[in-house]
Amino acid sequence: MGIFGFFNKSKKETLDKGLEKTKQSVFSKLTRAVAGKSKVDDEVLDNLEEILITSDVGVDTTLKIIERIEERVARDKYVSTGELNNILKEEIAALLSENNTQDNDNWELPETGNPYVILVVGVNGVGKTTTIGKLAHQFKQAGKSVYLGAADTFRAAAVEQICIWGERVGVPVVKQRMGSDPASVAFDTLSSAKANGADVVIIDTAGRLHNKIGLMNELKKIKDVMKKVMPEAPNEVLLVLDGSTGQNAFEQAKQFSAVTNITALAITKLDGTAKGGVVIGISDQLKVPVKYIGLGEGMEDLQLFNRKHFVDSLFNE
């Protein structure tokens with residue numbers, strides 16, 4: 001079985017197409033960096049450092065990658081510029097695995113005896129509700145019964161949007177009137193899902209990061225109320241980030257990780273940007289695994305993240 005195993009052709013094409021802008025940007029710069037050079041030397045490494053930083057990998061993560069490549073060059077004495085791509089792929093994949101990023105190939109979930117609960121956080125505009133809708137679709141396609149909770153009661157548009165997604169995907173949405181207590185919505189959602197034997201619960205939350213104390217208290221209250229229904233809930237706290245905002249996404253990630261315990265990342269809108277390197281930097285700096293990536297508008301364009309497939313698409317000629 002080849003590198004892609006059960007990773008089907010259409011998914012690989014979606015991944016390749018979604019990362020095309022980042023890949024073109026990196027490759028054109030990489031080609032110039034090694035032009036006329038036969039081996040990896042200090043000048044090539046300096047150029048590579050600049051390429052990674054300008055691809056939004058981030059300074060600290062870039063320095064880690066450069067350091068690893070320097071160690072290999074020192075150990076192997078001679079590393080040709082032709083080998084640089086493979087070395088980059090290997091070192092970035094290794095870096096991602098150190099952040100507990102797993103190679104997910106299917107939509108199976110751990111057996112908990114209760115619905116698997118995903119609490120979704122992120123600021124408005126990053127594609128949070130759309131990601132929830134696409135997650136619901138993917139889990140349903142995988143044969144799971146799904147419940148959605150509209151706990152972003154701060155914005156009427158958020159409740160309306162998640163209801164539209166529920167209808168579109170064909171899954172129930174638990175909601176209350178605008179301005180209701182978000183924790184009450186979470187309680188009702190988990191209670192209904194548990195009573196009806198659901199497999200997955202996905203709960204939306206407000207993204208008012210400008211009021212950090214309020215957000216922290218709200219998320220804590222939601223979690224506390226959830227535990228009254230299911231002591232282990234939530235099983236996952238998923239932070240949704242807009243990859244096209246580059247380092248701004250990283251700043252959001254740092255701020256959210258300061259107010260709640262993030263356990264997984266979903267990075268959206270990678271198809272419209274050359275800043276796909278942010279996936280590597282955010283995961284490395286937060287020590288949180290990337291679990292899902294958004295590569296387009298279609299329902300199937302939200303993919304499970306697989307580090308090997310990702311680096312292969314990014315650095316293969």
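# Exercises on a predicted chain

Helix H2 is followed by Gly36, a residue whose phi is positive, near 75°. Helices (H or I, at least four residues) and strands (E, at least two) are DSSP runs, numbered from the N terminus. The model is predicted, and local features therefore need pLDDT of at least 70 and side-chain atom pairs count only at pLDDT 80 or more, whereas totals for chains, interfaces and linings use all residues. Residues are numbered from 1 along each chain as its sequence is written, and side-chain values use heavy atoms, with hydrogens and water left out.

## Exercise 1: the whole chain

Compare the radius of gyration of the protein chain with the value for a compact globule of 317 residues.

Solution. The radius of gyration is taken over C-alpha atoms, and the globule rule is 2.2 Å times the number of residues to the power 0.38. For 317 residues the rule gives a value near 20 Å, and the chain has 21 Å, which agrees. The C-alpha trace spans about 65 × 45 × 30 Å along its principal axes, and the chain holds 12 helices and 8 strands. Next comes burial, where buried means under 20% relative accessible area, exposed over 50%, and partly exposed in between (1.4 Å probe, protein chains only); buried residues make up 56% of the 317 residues. Last come contacts (heavy atoms within 4.5 Å): of those between residues at least 6 apart in sequence, 77% join residues at least 24 apart.

## Exercise 2: helix H2

Check the end-to-end distance of helix H2 (residues 20–34) against its expected span, and find what its buried residues pack against.

Solution. The expected span of a helix is 1.5 Å times one less than its number of residues. For the 15 residues of H2 this comes to 21 Å, and the end C-alpha atoms are 21 Å apart, which agrees. The buried residues of H2 are Thr22, Lys23, Ser25, Val26, Phe27, Leu30, Ala33 and Val34. An α-helix has 3.6 residues a turn, so residues three or four places apart point the same way. The buried residues of H2 pack against helix H3 (42–54), helix H5 (84–98) and helix H12 (307–315).

## Exercise 3: two lysines

Decide whether Lys291 is buried or exposed, and do the same for Lys220.

Solution. Lys291 lies in strand E7 (residues 290–294) and is buried, because its relative accessible area is 19%. Its side chain is joined to that of Glu236 by a polar contact of 2.5 Å; a polar contact is a pair of N or O atoms within 3.5 Å where, within protein, one must be able to donate a hydrogen and the other to accept it, and where residues adjacent in sequence count only if both atoms are side-chain atoms. Apart from neighbours within four places in sequence, the residues in contact with Lys291 include Asn104, Tyr116, Ala264 and Phe305. Lys220, by contrast, is found in helix H9 (residues 212–229), and at 52% relative accessibility Lys220 counts as exposed.

## Exercise 4: salt bridges

State how many salt bridges the chain has, and describe the pairs made by Asp152, Lys221 and Lys269.

Solution. A salt bridge is a side-chain nitrogen of Lys or Arg within 4 Å of a carboxyl oxygen of Asp or Glu, and by this rule the count comes to 17. In the pair of Asp152 and Arg155 the closest N and O atoms are 3.6 Å apart; Asp152 counts as buried at 2% relative accessibility, while Arg155 counts as partly exposed at 25%. Between Lys221 and Asp181 the closest N and O atoms are 2.9 Å apart. This pair links distant parts of the chain, with Lys221 in helix H9 and Asp181 in the loop between strand E3 (173–174) and helix H8 (182–195), 40 residues apart. The side chains of Lys269 and Asp242 meet at 3.6 Å, N to O. Here too distant parts are linked, Lys269 being in the loop between strand E6 (264–268) and helix H11 (278–286) and Asp242 in strand E5 (residues 236–242), 27 residues apart. Lys269 is partly exposed at 33%, whereas Asp242 is buried at 9%. Salt bridges that share partners also join Arg68, Arg72, Glu90, Glu91 and Glu98 into one network.

## Exercise 5: backbone angles

Find where Asp56 lies and give the sign of its phi, then name the residue joined to Pro234 by a cis peptide bond.

Solution. Asp56 lies in the loop between H3 and helix H4 (59–76), and its phi is near 65°, a positive value in a residue other than glycine. Asp56 is buried, since its relative accessibility is 11%. Lys269 likewise has a positive phi, near 60°. The cis peptide bond joins Ala233 and Pro234, with omega about -5°, and Pro234 lies in the loop between H9 and E5.
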